[in-house]
Each structure stands twice: as structure tokens, then as C-alpha cells.
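Here is a small set of exercises to work through with the model open beside you. Try each task before reading its solution.

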Amino acid sequence: MGYDRLSAADAAFLHIETDHEPQHVGSLSLIEGAPLRDGRGRIRIEDLRAVTEARLHRVPRLRQRLSFPPLAMGPPVWVDDEHFDIDYHVRLTALPRPGDDAQLHELMGRLQSLPLDRSRPLWELWFIDGLAGDRVGLVIKTHHALGDGIANVDLAMALVDFEPDPPPDDPAPEWAPEAVPSSARLLAQGLGLLAEEPLRLAQIGVDAIREPGRALTAVKDTLRAVVSFAAQPAPAPWNRAVSVHRRWARATVPMSTIAAVRERHSVTLNDVVLEACTGALREFLLVHDDRPQSLKAMVPVSRRGADEHGDTLGNLVSLIVVDLPAEEADPVTRLRRVQAQTRDLKGSGLADGAHHVVDLAAHVPALAAPMARLLSRSIPMNLVITNIPGPPMPLYVGGGHVLEVYPYVEVIDGEGLTIAVLSYEGNLHFGLTADRDVLPDLHVLAEGIEKAAVALAGTT
């Protein structure tokens, strides 16, 4: 039988990963605690494991691990983990009561600093007891090779409920792992793919002759992306090599605040997010006696269609680079400048061009890994800002209402700051990730986002 192979975009996140740059994404949720406890007040971890395991058939990839062909002959494949252990993947930890937000953020940073084990399925759930206010934390970690931010929301949605007391699940089908292919078989399949590569390249040429306009557009987009990558920005304080340790902070902005800005200034939600981040970054630089400068933000762009949710994992995303005018003091002027850029960049072809570069590298297996690493470190950016659409309805875990959900997205060498945004239950939830040693006061930047959004809502 055949085995699912990682796409060029999925495999790129394995190539980028190093011991101090784990490439997983995730989230921190805060859940109403009482429904998750037994009569003695303990978290019902065995019940939560059982429910999770019973639903894994909805996302079969969660029981699969990576298998690597010998001699790197072709991309890795997904195979069933014949030793799958739900106790390993669904864990319980605790803070000393009553755990406050600072302790929770510290634990979140430490958990996300640890890489996922490539010999097992690439995900973990951590329930955290001991939080003040009888809340329970839930930390999710999934490797970026499993999928982009939207895919990971889809993945999490398969494991939650949409009401506090849902009807019982249908009996889960019995799971029997498929036999793992031998190294010899993977090598043979890899050699077969290599032999077919000239035919695939020839087909690209035939398609270019049949549709010259489309081929010319692809070439232009690719060249535009390459030229853009050559224009490196002035470094910001966090544009340094990262350590093995992470720092994480969170911020919350009510959607009513966002709506007020959108109505007053006729801009998009993404424009407001980018300007709130710009205002916060400006104030952060001023506090640190750094002269505010224009900053370049890499902004992922989803290539996922409306019908590509639920059972479509993987990375269907490219990018644009947005100049954040942090040197500008007036927030409305900054907002207008951001708006003008995002309107133009949506039709610039840069996002498609970056996607073509990754795909072209995949046609030469020996170049796939070094090219992925080179591209990841060549994107002209000071930071990443990514906006992930969240679920439009309330969620429940074990009968407990999910109160808040904050995203986590990794950092890499030279890009020691990422701001991720997720919408849920009338709020925008910001998750800020940084290298622990580079930004010790990351919470100040998080607070600045909240203040910048409120200030922008009051502008005329």
C-alpha cells in the first residue's frame, strides 16, 4: 500500500527545526474547573484520556508518527504508531495553589520550550491544575509539520464539545495499526520518486507551453519573492540568535473595541491588529531607549479554501511582508499606512511567489533541507504576526466551559518575537512568544497591545 508523504511545505518545518528551535505551534486554554473534577476535587485525567482516545479516529494523523526513508531518499512518510500510548500524549501537571497568571505564563513558556519527540505522534495535551479561580489550564502542542494554524484549530475542534452535556459519542471503530513499511521499501519508493522527477519537471514545461500566461505569472511572482527576500530590514533588539528557552505572555482585546475602530475608520480586522501591534512595539522601543523604526512583519496568508477544513491538515499557507510604521507617532496615520499596504499586498503575488520557491526546492531532494533553512532565515522580517480565525461558538472540554484560548507560535534564530492572534467568544486573544533571554519584559509589550487598541478606538 502507499503511505502519505509530507508535502514540501510540511517537510520544510522538519528541515528548519533544530535543538534550540522546536517547530511546534499550540495554545493555552483556560477552562471552568469544577466539571473536570471528581468527588475528591481531583482532575478526572483518566476520563479525559479515554474521551480523547475515543475520538482520535476523527483525525487519524494523531495516531501516526514519522518514518524517514534511508539516505533522505524522498520526504518522510506518516505511518501508524504501533506503540501508541495515550498516557504519554495527555498529561497532568499543577501549579502550587493558588497559581497566578505570572506562574502560568512561566509554565507555558517552559512546556513550549521542550521539543516534541519525533519517534511518536507529534502532539501533546497538558492539563494544568492549581490555578486561581478554580480554572484548569490546557496546553496544546502540535508540530507545524502536522498543519498550519487553521489546520490546528480544526484538529482541536475534533476533540472538544459544543455543549456542556453532549450526547454520548458513537462507539469508536476498533483501531488496528497498519504495518510499518521496511527501510528497503521506503528506499525503493524514494528511488522511484527520484526516477519520476524528470517526468514531473517535463510536465511543468508542457503545462507552461499550454498556459504561458499562468507560467509567466508564476515566474514573476517567484522573482518578486526572491527580490523581496534580498531587502533585509534594520535589526530590532529581538533579532538575535535564540536560546533553548521561551518566554510567553498574553493579551486580550474585546471585539467591541475592534468593531469601534473598524466602523470609525473603515478598515479590516487585520489592519486593526497590525496597528495595535505597531503602537505597542513603538512604545516598547521608546521605553527601552531605542529609536522607533519601521519594522517588517511577516504575515502568513492562508491558501485554504472554504471546503478545506476538518479533514484537510497540512500547511496551506504562504506569506506577505508588511512594513509597520513604528516611527510614526500618530496612530491614525499608522493605521492608514498599514491599510494601504495590506490592500496592495493582497494582489501582489508575493504570497504565491514564496510558495513557488518552496515547491521548486522540493524537486531536488538534496536541496530541500538546506533551501528550507536558508529561506526561513532570509525572509526580510523583524517579527511574525499571524491572525488565526477561531471557533465562532462556545467550546467545552469534559463539561467545562472553555473561557479563553490563546495561541502559541514558535520563534527561530534572528526572529525572536512572534505575535499570534485568535478570536473566541467576543475577544481577540493575543499570544506573544519570545526568546526568554532576549525579552525579559515581554509582558510590557502584551500590555501595550491592549492599550494601543483602546487608544485607537478613541481616535477620530
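A residue counts as exposed when its relative accessible area is over 50%, as buried when the value is under 20%, and as partly exposed in between. Keep in mind throughout that this is a predicted model.

**Exercise 1. Get an overview of the protein chain: count its helices and strands, and find what share of its residues is buried.**

Start with the secondary structure, which comes to 13 helices and 14 strands. Next, turn to burial: of the 460 residues in the protein chain, 52% are buried. Finally, look at the contacts with a separation of 6 or more, where residues 24 or more positions apart account for 78%.

**Exercise 2. Compare the span of helix α13 with its expected value, then work out how its buried residues are arranged around the axis.**

Step 1: the length. Helix α13 covers residues 442-457, and its 16 residues should span 22 Å at 1.5 Å a residue. The end C-alpha atoms of α13 are 24 Å apart, which agrees.

Step 2: the buried residues. In α13 these are L442, L445, A446, G448, I449, A452, A453, L456 and A457. Looking down the axis of α13, you find them within an arc of 165°, so they line one face of the helix.

Step 3: the other side. Here K451 and V454 of α13 are exposed.

Step 4: a residue with an intermediate value. E450 also lies in helix α13, and its relative accessible area of 30% makes E450 partly exposed. Leaving aside residues up to four places away in sequence, E450 touches A251, T252 and V253. The pair E450 and T252 is 198 residues apart in sequence, yet their C-alpha atoms are 6.5 Å apart in space.

**Exercise 3. Describe how helix α9 and α13 meet: give their crossing angle, its handedness and the residues in contact.**

Step 1: α9 by itself. This helix runs over residues 269-287. Its 19 residues reach 27 Å from the first C-alpha to the last, close to the 27 Å expected at 1.5 Å a residue. Helix α9 is mostly covered, with 15 of its 19 residues buried.

Step 2: the geometry. The axes of α9 and α13 come within 8 Å and cross at roughly 125°. An angle between 115 and 145 degrees counts as oblique, and α9 and α13 are therefore oblique to each other. The crossing of α9 past α13 is right-handed.

Step 3: the contacts. From α9 come V272, E275, A276, C277, G279, A280, L281 and F284, and these meet V444, L445, G448, I449, A452, A453 and L456 in α13. Among these α13 residues, L445, G448, I449, A452, A453 and L456 are also in the buried set of that helix.

**Exercise 4. Find which residues of helix α2 are buried and what they pack against.**

Helix α2 (residues 45-54) has I45, L48, R49 and T52 as its buried residues. Seen down the axis of α2, these fall within an arc of 100°, so they line one face of the helix. Now follow that set outward: its packing partners are α3 (86-89), β4 (90-99), β5 (123-131) and β11 (396-397).

**Exercise 5. Inspect the backbone at S266, D289, E425 and the bond from R97 to P98.**

Begin with S266, which is not a glycine but has a positive phi of about 55°. S266 sits in the loop between α8 (255-265) and α9, and at 59% relative accessibility it counts as exposed.

Move on to D289, just after α9, where phi is positive at about 60°.

E425 is another residue other than glycine with a positive phi, near 50°. Its place is in the loop between β13 (417-424) and β14 (427-435), and at 36% relative accessibility E425 counts as partly exposed.

Last, check the peptide bond from R97 to P98: it is cis, with omega near -10°. P98 itself is found in strand β4.

**Exercise 6. Decide whether R291 and T386 are buried or exposed.**

R291, in the loop between α9 and β8 (295-302), counts as exposed at 75% relative accessibility. Its C-alpha atom is separated by 9.5 Å from that of A326, 35 residues apart along the chain.

T386 lies in strand β10 (residues 383-388) and counts as buried at 10% relative accessibility. Not counting residues up to four places away in sequence, T386 touches P300, V409, I419, A420 and V421.

Key:
Residues are numbered from 1 along each chain as its sequence is written. This is a predicted model: local features need pLDDT of at least 70, side-chain atom pairs count only at pLDDT 80 or more; totals for chains, interfaces and linings use all residues. Side-chain values use heavy atoms; hydrogens and water are left out. Helices (H or I, at least four residues) and strands (E, at least two) are DSSP runs, numbered from the N terminus. The expected span of a helix is 1.5 Å times one less than its number of residues. Buried means under 20% relative accessible area, exposed over 50%, partly exposed in between (1.4 Å probe, protein chains only). The arc is that of the directions from the helix axis to the C-beta atoms. Axes are lines fitted to C-alpha atoms, for helices over the stretch in contact, and angles run from 0 to 180 degrees between N-to-C directions. Angles under 35 degrees count as roughly parallel, over 145 as roughly antiparallel, 65 to 115 as roughly perpendicular and the rest as oblique. A crossing is left-handed if the near helix is turned anticlockwise from the far one by less than a right angle, and right-handed if clockwise. Contact means heavy atoms within 4.5 Å.
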